[in-house]
Amino acid sequence: MASKTSLSGFPEWLPQERLVELHVLDTLRETFELHGFSSIETRAVETVDQLLRKGEIDKEVYGVSRLQEDEDGGPKEGQLALHFDLTVPFARYVVDNAGHLNFPFRRYQIQKVWRGERPQEGRAREFTQADIDVVGDGALPFRYDVEMALVIIDALSKLPIPEFVLRVNNRKLAEGFYRGIGLSDAPAVLREIDKLEKIGAQAVAANLIENVGATQDQADAALKLASIRTEDASFVEQVRALGVQDELLDEGLAELEEVVAEAVRRAPGKLVADLSIARGLDYYTGTVYETVLVGHEKLGSVCSGGRYESLASSGKRTFPGVGLSVGVTRLVSRILSQGLAEASRSVPTAVLISLVDEDSWSEAQDVAQQLRARGISCEVSASAAKFGKQIRHADRRGIPFVWFSTRDESGAVTHEVKDIRSGEQVPADPASWMPPTEDLRPSVGARVSSAE
């Protein structure tokens with residue numbers, strides 16, 4: 001991997017590593033578009049009031065200011081800050097452009113975001129997210145919650161990553177259960193349950209008693225609910241066996257059962273009902289999702305999100321939605337640090353066009369022009385060094401083919417191309433020659449060990 005920069009938390013990739021990142025980005029983009037999502041991009045800055053209107057992570061926001069003050073000394077704009085996620089800017093975008101959007105609006109957005117967190121593996125201060133959301137005007141059918149799970153399973157299944165599990169829960173289920181056992185402050189309970197994997201059941205129980213006012217029996221019941229995890233709809237019976245009655249609980253059970261049943265049918269083994277998933281953000285109101293890589297659970301969630309009924313609103317008009325966010329930089333960092341995949345070469349160039357002498361540079365450019373017209377990436381040597389030196393230059397850069405053009409005494413030009421990996425050299429016509437499909441552009445695949 002690239003050496004660490006002096007600015008901690010702002011990753012930079014070497015060219016071959018960047019190709020892996022581009023492969024991930026291209027795969028996500030293509031999959032999202034296959035499912036009918038339209039691309040948007042929002043500005044990098046928002047007003048601080050907009051970013052923090054729901055009280056999120058104010059200590060992690062990077063403020064933006066001009067180094068030079070306004071010369072007229074007039075009033076300054078509202079304080080600006082870099083966005084820390086793509087959901088808050090998207091909510092503002094929907095409200096601003098509601099008159100121009102067709103609802104339900106299916107959007108994907110792939111951009112950089114910034115958070116002033118303590119850098120560590122899986123957490124950077126500047127990173128890329130890839131979000132998908134479906135937003136309705138006034139109402140949004142629950143069926144989109146089901147579809148969202150299927151879309152993200154499709155997208156992640158195409159990436160060079162380990163096996164993953166999409167863990168799903170429903171806030172209605174959880175909140176109805178807590179209400180049914182007498183805990184009225186459901187958001188407070190969810191915030192404590194969200195710490196389960198970090199601090200363990202015993203500590204969470206103590207927090208529920210101390211911070212939420214739960215009795216020992218109530219804390220035990222909340223933890224029993226959180227312990228339920230199934231790969232099919234059998235979680236319904238397990239929840240019913242706890243003996244809690246509540247209408248909201250019933251609604252949440254039915255919704256989660258629908259998500260799980262369709263995933264079992266279309267992507268068996270990729271999704272589980274995990275009733276410990278809470279998602280600490282208060283704006284989630286129904287389905288919630290978290291995704292972990294099997295064997296890499298300490299990395300944390302690589303994709304998360306959920307249903308929100310009123311994240312965006314304008315007067316009496318509300319825009320409910322459901323969405324998921326993929327931590328692209330977190331995924332790419334793990335792919336690179338663990339050697340899970342690599343690019344077939346470090347440059348896009350497929351062919352280096354050699355020079356027989358210094359006067360042949362313009363004719364070599366003619367060959368390059370013909371190759372590029374058919375989508376073949378190529379370069380022309382900068383000098384007419386010995387052919388061996390030009391071949392070594394191509395080899396160092398990872399360019400698989402070298403092109404040779406020679407002119408005989410009659411002025412006829414002969415073209416040949418050499419595969420420098422195998423040593424095979426064959427006649428070639430610049431108007432028709434094509435490299436093998438796998439060599440046309442760099443590919444990204446699982447790294448093959450030397451033992452294999």
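1. Glu262 has a relative accessible area of 23% in this predicted model, and therefore counts as partly exposed. Its partner Arg266 reaches 51%, which places Arg266 in the exposed class because the limit for that class is over 50%. The two side chains meet in a salt bridge, with 2.6 Å from N to O. Both residues belong to helix H11 (residues 247-266), where four residues, about one turn of the helix, set them apart.

2. The structure contains 30 salt bridges. One of them joins the side chains of Glu147 and Arg106, at 2.5 Å from N to O. This pair connects distant parts of the chain, since Glu147 is in helix H4 and Arg106 is in strand S5 (residues 105-114), 41 residues apart. Glu147 is classed as partly exposed because its relative accessibility is 26%. Arg106, by contrast, is classed as buried because its relative accessibility is 18%, under the 20% limit.

3. Helix H4 itself (residues 143-157) merits a check of its length. At 1.5 Å a residue, its 15 residues should span 21 Å, and the C-alpha atoms at its ends lie 22 Å apart, so the two values agree. Among the buried residues of H4 are Tyr144, Val146, Met148, Val151, Ile152, Ile153 and Leu156. The buried residues of this helix also include Asp145, Ala149 and Ala155.

4. Arg421 takes part in two contacts of interest. Its side chain forms a salt bridge with that of Asp419, at 3.0 Å from N to O. Asp419 has a relative accessibility of 15% and is therefore buried. Arg421 also lies over the face of Phe401, at 5.4 Å from the ring centre. Phe401 in turn belongs to an aromatic cluster with Trp403 and Trp433. A further arginine placed over a ring is Arg107, which lies over the face of Phe90 at 4.0 Å from the ring centre.

5. Which residues are joined into one network by salt bridges that share partners? They are Arg167, Glu197, Arg229, Asp274 and Glu290. Of these, Glu290 is placed in strand S10 (residues 287-293). Its relative accessibility is 11%, so Glu290 counts as buried. Leaving aside residues up to four places away in sequence, Glu290 touches Val165, Leu166, Arg167, Asp194, Ile277, Arg279, Ser301, Cys303 and Ser304. Arg167 thus appears both in the network and among the contacts of Glu290.

6. How many aromatic pairs does a search of the whole structure find? The search returns eight. One is formed by Phe177 and Tyr178, whose rings are 6.4 Å apart from centre to centre, with 80 degrees between the planes, in an edge-to-face arrangement. Phe177 and Tyr178 are both buried. The angle of 80 degrees gives the edge-to-face label because that class takes planes over 60 degrees apart.

7. On the arrangement of the chain as a whole, the domain assignment gives domain 1 as 15-38 + 84-343 and domain 2 as 351-446. The centres of the two domains, taken over C-alpha atoms, are separated by 50 Å. Eight residues from domain 1 and five residues from domain 2 take part in the contact.

How values were computed: Residues numbered from 1 in each chain as written. Predicted model: local features only at pLDDT ≥ 70, side-chain atom pairs only at ≥ 80, totals over all residues. Heavy atoms only, no water. Helix = DSSP H or I, 4+ residues; strand = E, 2+ residues; numbered from the N terminus. Expected span 1.5 Å × (residues − 1). Buried < 20%, exposed > 50% of the residue type's maximum accessible area, 1.4 Å probe, protein only. Phe/Tyr/Trp six-rings, centres within 6.5 Å; stacked < 30°, edge-to-face > 60°. Lys NZ or Arg CZ within 6 Å of the ring centre and 35° of its normal. Salt bridge = Lys/Arg side-chain N within 4 Å of Asp/Glu carboxyl O. Domains from an automatic or database assignment. Contact = heavy atoms within 4.5 Å.
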